[in-house]
Amino acid sequence: MGRGETPWPGATARRFRLARALAALALTLPAGALTTACGDSPADRRPSRAAGEAAPTPPASASASTSPRRPLSPAELCTTAVRHWAREALDGATPYGDYQSMGLSDRQYGVLREVLADARAVRSGHGTRAARSLIDRQARDRCAEAYREGTPTRGPWR
């Protein structure tokens, strides 16, 4: 059997090739093209305009461009990452690996360990809801403190 050939002879192979071709087509076409090709586009449901009739103008909110999101500060990135991994560990997930495979810096991992230790102590006395609330508060506060002076400006990580 050569490369690209299917292992099934006959009709099964044809169905397999057809399904693979349709899946590839669905991935390459924009979503609107599929509905247009099927005859169920919004243009098909709209009444047609008479000759010389102007096209309706879109509402002001549709034409106004939205401003792009601003990038997160180092403290906000730390808070998001620490909150995620602390909740994962608190819920009993198996360890993901070392801190670098979690996408954390050494500084962020230190904050994570402190927050997680406090959250586990609170969970044993007050429950999971209180521990999650503590994770949110402490991750925000400790990351703000850790990044109060900014990011490292010396060394290879400039």
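## Exercises on a helix packing

In this predicted model, helix 5 goes past helix 7 in a right-handed crossing (the near helix is turned clockwise from the far one by less than a right angle; anticlockwise would be left-handed). As a predicted model, it supplies local features only at pLDDT of at least 70 and side-chain atom pairs only at pLDDT 80 or more, whereas totals for chains, interfaces and linings use all residues. Residues are numbered from 1 along each chain as its sequence is written, and side-chain values use heavy atoms, with hydrogens and water left out.

**The chain as a whole**

Task: state how many helices and strands the protein chain has, and what percentage of its residues count as buried.

Solution. Begin with the secondary structure, which comes to seven helices and zero strands (DSSP runs, H or I of at least four residues for helices and E of at least two for strands, numbered from the N terminus). Read from the N terminus, the elements therefore run α-α-α-α-α-α-α. Turn next to burial: of the 158 residues, 16% count as buried (under 20% relative accessible area, with exposed over 50% and partly exposed in between, for a 1.4 Å probe and protein chains only). Finally, among contacts (heavy atoms within 4.5 Å) with a separation of 6 or more, 62% join residues 24 or more positions apart.

**Helix 5 against helix 7**

Task: find the angle and axis distance at which helix 5 and helix 7 pack, and list the residues that make the contact.

Solution. Helix 5 covers residues 74-90 and helix 7 residues 128-146, and the two pack at about 150° with their axes 8 Å apart (axes are lines fitted to C-alpha atoms, for helices over the stretch in contact, and angles run from 0 to 180 degrees between N-to-C directions). That angle makes helix 5 roughly antiparallel to helix 7 (over 145 degrees; under 35 is roughly parallel, 65 to 115 roughly perpendicular and the rest oblique). On the side of helix 5, the contact consists of A75, C78, T79, V82, R83, A86, R87 and L90, and on the side of helix 7 of A131, R132, I135, D136, A139, R140, C143 and A144. Sorted by class, this contact holds 10 nonpolar, one polar and five charged residues (Ala, Val, Leu, Ile, Met, Phe, Trp, Tyr, Cys and Pro are nonpolar, Asp, Glu, Lys and Arg charged, and the others, Gly among them, polar).

One residue of helix 5 may be followed further, namely T79, which is buried with a relative accessible area of 9%. Leaving aside neighbours within four places in sequence, T79 is in contact with A139, R140 and C143.

**Helix 6 and its two partners**

Task: decide whether helix 6 is oblique or roughly antiparallel to helix 5, and then whether helix 6 is oblique or roughly antiparallel to helix 7.

Solution. For helix 5 and helix 6, the axes come within 9 Å and cross at roughly 45°, and the two are therefore oblique to each other. Their crossing is right-handed, and its contact residues divide into 12 nonpolar, one polar and two charged.

For helix 6 and helix 7, the axes come within 8 Å and cross at roughly 155°, and this pair is therefore roughly antiparallel. Here too the crossing is right-handed, while the contact has 11 nonpolar, three polar and five charged residues.

**The core and a buried glutamine**

Task: identify which helix gives the largest share of the largest nonpolar core, and determine whether Q108 is buried or exposed.

Solution. The largest nonpolar core (buried Ala, Val, Leu, Ile, Met, Phe, Trp, Tyr and Cys residues joined through side-chain atoms within 4.5 Å) has 19 residues, of which V82, L90, L104, L112, V115, A119 and I135 touch the most other members. Helix 5, helix 6 and helix 7 each supply at least two of its residues, and the largest share, six residues, comes from helix 5. Not counting residues up to four places away in sequence, V82 touches Q108, V111, L112, V115, A139 and C143.

Q108 itself lies in helix 6, which spans residues 106-126, and at 10% relative accessibility Q108 counts as buried. With the four places on either side again left out, Q108 touches L77, C78, V82, G103 and Y147.
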